[in-house]
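Here are my comments on the model you sent round. Please read them with the coordinates open.

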Amino acid sequence: MRILKRILKGKSMLKTDTFFTIKEASEWATQHLSKTVTTANISYLIQYGRIKKNGDNGMAQVSKQELMNYYKSYNGNREVLWKEQLGKDLNWTLSFDQYKEAETTKHVHRLHPYKGKFIPQLVEYFLDGHTDKFKKQVYFKKGDIVLDPFAGSGTTMVQACELGIHAIGIDVSVFNAFIGNCKVTKYNLDDAQMEINRITKALKEFLSNSHTLEFEEKLLQALYVFNNKYFPVPEYKYKVQRNLINEDQYGAEKEKEFLPIFNKLVKQYNIKLRQDKADSFLDKWYSQHMRDEIHFVFDEIKKIKNADTKRITSIILSRTIRSCRATTHADLATLIEPITATYYCAKHGKVCKPLFSILKWWETYTKDTVNRLSQFDRLRTQTYQFCLTGDSRTIDIFGELEKKNLAFVELARKQKIKGIFSSPPYVGLIDYHEQHAYAYDLFGFKRKDALEIGPLHKGQSREAKQNYTQGITDVLINCKQYLVDDYDIFFVANDKYNMYPTIAENAGMRIVNQFKRPVLNRTEKDKGAYSEIIFHLKKR
Ligand SMILES: C[S@@+](CC[C@H](N)C(=O)[O-])C[C@H]1O[C@@H](n2cnc3c(N)ncnc32)[C@H](O)[C@@H]1O
């Protein structure tokens, strides 16, 4: 490897540093970390100001010392640091840190956002036929049935489908069940593509009668010029990282400076930034123009004859409108206040704008969805998966299933369910209906918030914990009637209040093993050390 050396003149001494080209840096880092680091990964570090780019584009170089500092402060020491914080019994194999994001969000797993899903590799690990020094036994084999009584966005069902295992899901939120079922459906992709083309064409025609697109184009041009001048890439971020610029002050100043340009365009193109009322989620979080587009596309979807195509295009529309909520890029996960003007965005280090049309995301997600569905088509097996909507404490699983698939329920009654793989909600963490308020509003699905176990809005009080313990116990008691005698139950939970020993006891079960895994790559703002436990329960 050709390494360029440079002499850096410090104030009082001479220091030698090694400089790599991007390619050399990726090769060096791959060796240094014993895992693949691509040139794209290095470019990302430069782009986001973690390390500095020296030289021009033709001959960009990065400093070895800076790379080493970066990896030392974050990645390299992660295992050691996390074990110090979370205990030596942390099972690092279950971190799945060798997988890239594209793999943890592979094919249909990224069909629609959902807060609180587990990664497919974790499900695969427990469902597939391998053994290792932690997993000493195979729990599920081809043709078995696995149950997920808190199915969420359907991760267990999808992985079961890949592995030749049947799956039954249950979720109290009708929209969550809808997402899961959309993931496992086998589509007529030609029909889906034909309908998508028809709707996109109609949407473009609809838009050609308004000035929205032209307004957005002009706004983008103005922002491009402004951002290039005041937030040059990557120098600006590099300076922010090293506190050479007061980001808050500078960002606020520039945000204010851009506003008159924005207001002038709004006036010129007669853009209506807010709707007249703000009663529902759709009223509050979308401009009038967006709202009209959303309803236009939804009306076109209603014309579709094929029920599966209708469902998958509805999911695309839902994903689209989620990305189009009038929020800043930084607050996408936790909505604060609707934003109707341009703003300084700390995430992107420049002035950004809210969206004014759904077209871009609709086009992106239609392509992405068809791609993901065809990828999954190549992997899926001829097995059955379905998510029922209901309360897992009381639902008559086989009775409800009978209404969906008679042949399958006969098989299920005969062979019974082999076990459970699931991640229950945890006490006071997430409101599962509320996170998809936009979809409930649009589709008019009935909400059953009151039946959620341990929702965020009920908090983490003593009473909330007692109700939670009772709720999860009731789910286990209800579900075990449908399981084989020698069942295996795996519950993934971050049991910080130590409720699972009581839950197991009350449900007539025993915890036979606990796998404590680190949770990496959390996308939300909180990136601290965090672990969860996979409880293995069996009949007492
Ligand atoms: C942690 S999430 C599951 C996520 C899932 N493992 C995934 O990968 O998408 C828990 C789910 O339990 C559901 N839930 C809460 N209370 C329930 C109940 N009483 N019956 C059935 N499902 C319930 C919530 O709606 C939520 O989707």
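The points below cover helix packing, the cores, backbone outliers and a few single residues.

1. Status of the model. This is a predicted model. Every value below is computed from it, and local features were taken where pLDDT is at least 70.

2. Helix α16, length. This helix runs over residues 359-377. Its 19 residues should span 27 Å at 1.5 Å a residue. The end C-alpha atoms are 27 Å apart, so the expected and modelled spans agree.

3. Helix α16, burial. Which residues of α16 are buried? They are L359, W362, Y365, T366, D368, T369, V370, R372, L373 and F376. Note that D368 and R372 are on that list. The partners of these buried residues are spread over six helices: α7 (155-163), α8 (174-184), α9 (189-208), α10 (212-230), α14 (288-302) and α15 (307-323).

4. The α9/α16 pair. Two packed helices are described by the angle between their axes and the distance between the axes. For α9 and α16, the axes come within 11 Å and cross at roughly 175°. Angles over 145 degrees count as roughly antiparallel, and therefore α9 and α16 are roughly antiparallel to each other. On the α9 side, the contact uses L189, Q193, I196, I199, T200, L203, K204 and L207. On the α16 side, it uses L359, W362, E363, T366, V370, L373, S374 and D377. By class, the residues of this contact are nine nonpolar, four polar and three charged.

5. The α1/α2 pair. At what angle do the axes of α1 and α2 cross? The answer is roughly 110°, with the axes of α1 (residues 22-33) and α2 (residues 39-47) coming within 8 Å. That makes α1 roughly perpendicular to α2. I22, K23, A25, S26 and A29 in α1 meet T39, I42, S43 and I46 in α2. The contact of α1 with α2 has five nonpolar, three polar and one charged residues.

6. Nonpolar cores. The largest nonpolar core has 73 residues. Inside it, L127, Y286, V297, L317 and F421 have the most contacts. Take V297: beyond four places in sequence, it touches I199, L203, L317, I358 and W362. I199 and L203 also belong to the α9 side of the contact with α16, and W362 to the α16 side. There is a second, separate core of 40 residues, and I395, F398, I489 and I503 are among its members.

7. Helix α6. Is α6 mostly covered or mostly open? This helix (residues 120-127) is mostly covered, with eight of its eight residues buried. The buried set includes Q121 and E124 alongside P120, L122, V123, Y125, F126 and L127. L127 is also one of the residues with the most contacts inside the largest core.

8. Backbone outliers. Most residues other than glycine have a negative phi, and most peptide bonds are trans. Three places deserve a look.
   - V233 and P234 are joined by a cis peptide bond, with omega about -5°. P234 sits in the loop between α10 and α11 (235-241).
   - H107, not a glycine, has a positive phi of about 25°. It lies in the loop between α5 (101-104) and α6. H107 counts as buried because its relative accessibility is 3%, and the limit for buried is under 20%.
   - K416, also not a glycine, has a positive phi of about 60°. It lies in the loop between α18 (406-415) and β9 (417-422). K416 is partly exposed, at 32% relative accessible area.

9. V158. This residue lies in helix α7. V158 is buried, with a relative accessible area of 0%. Outside its neighbours within four places in sequence, V158 is in contact with H107, V108, H109, K183, V184 and F376. H107 here is the residue with the positive phi. The C-alpha atoms of V158 and F386 are separated by 10.0 Å, although the two are 228 residues apart along the chain.

10. E247 and T328. E247 lies in helix α12 (residues 247-269). It touches Y236, V240, Y344 and A346, neighbours up to four places away in sequence not counted. T328 is in the loop between α15 and β6 (343-345). At 14% relative accessibility, T328 counts as buried. Its contacts beyond four places in sequence are I339 and Y343.

How values were computed: Residues are numbered from 1 along each chain as its sequence is written. This is a predicted model: local features need pLDDT of at least 70, side-chain atom pairs count only at pLDDT 80 or more; totals for chains, interfaces and linings use all residues. Side-chain values use heavy atoms; hydrogens and water are left out. Axes are lines fitted to C-alpha atoms, for helices over the stretch in contact, and angles run from 0 to 180 degrees between N-to-C directions. Helices (H or I, at least four residues) and strands (E, at least two) are DSSP runs, numbered from the N terminus. Angles under 35 degrees count as roughly parallel, over 145 as roughly antiparallel, 65 to 115 as roughly perpendicular and the rest as oblique. Contact means heavy atoms within 4.5 Å. Ala, Val, Leu, Ile, Met, Phe, Trp, Tyr, Cys and Pro count as nonpolar, Asp, Glu, Lys and Arg as charged, and the others, Gly among them, as polar. The expected span of a helix is 1.5 Å times one less than its number of residues. Buried means under 20% relative accessible area, exposed over 50%, partly exposed in between (1.4 Å probe, protein chains only). A nonpolar core is a set of buried Ala, Val, Leu, Ile, Met, Phe, Trp, Tyr and Cys residues joined through side-chain atoms within 4.5 Å.
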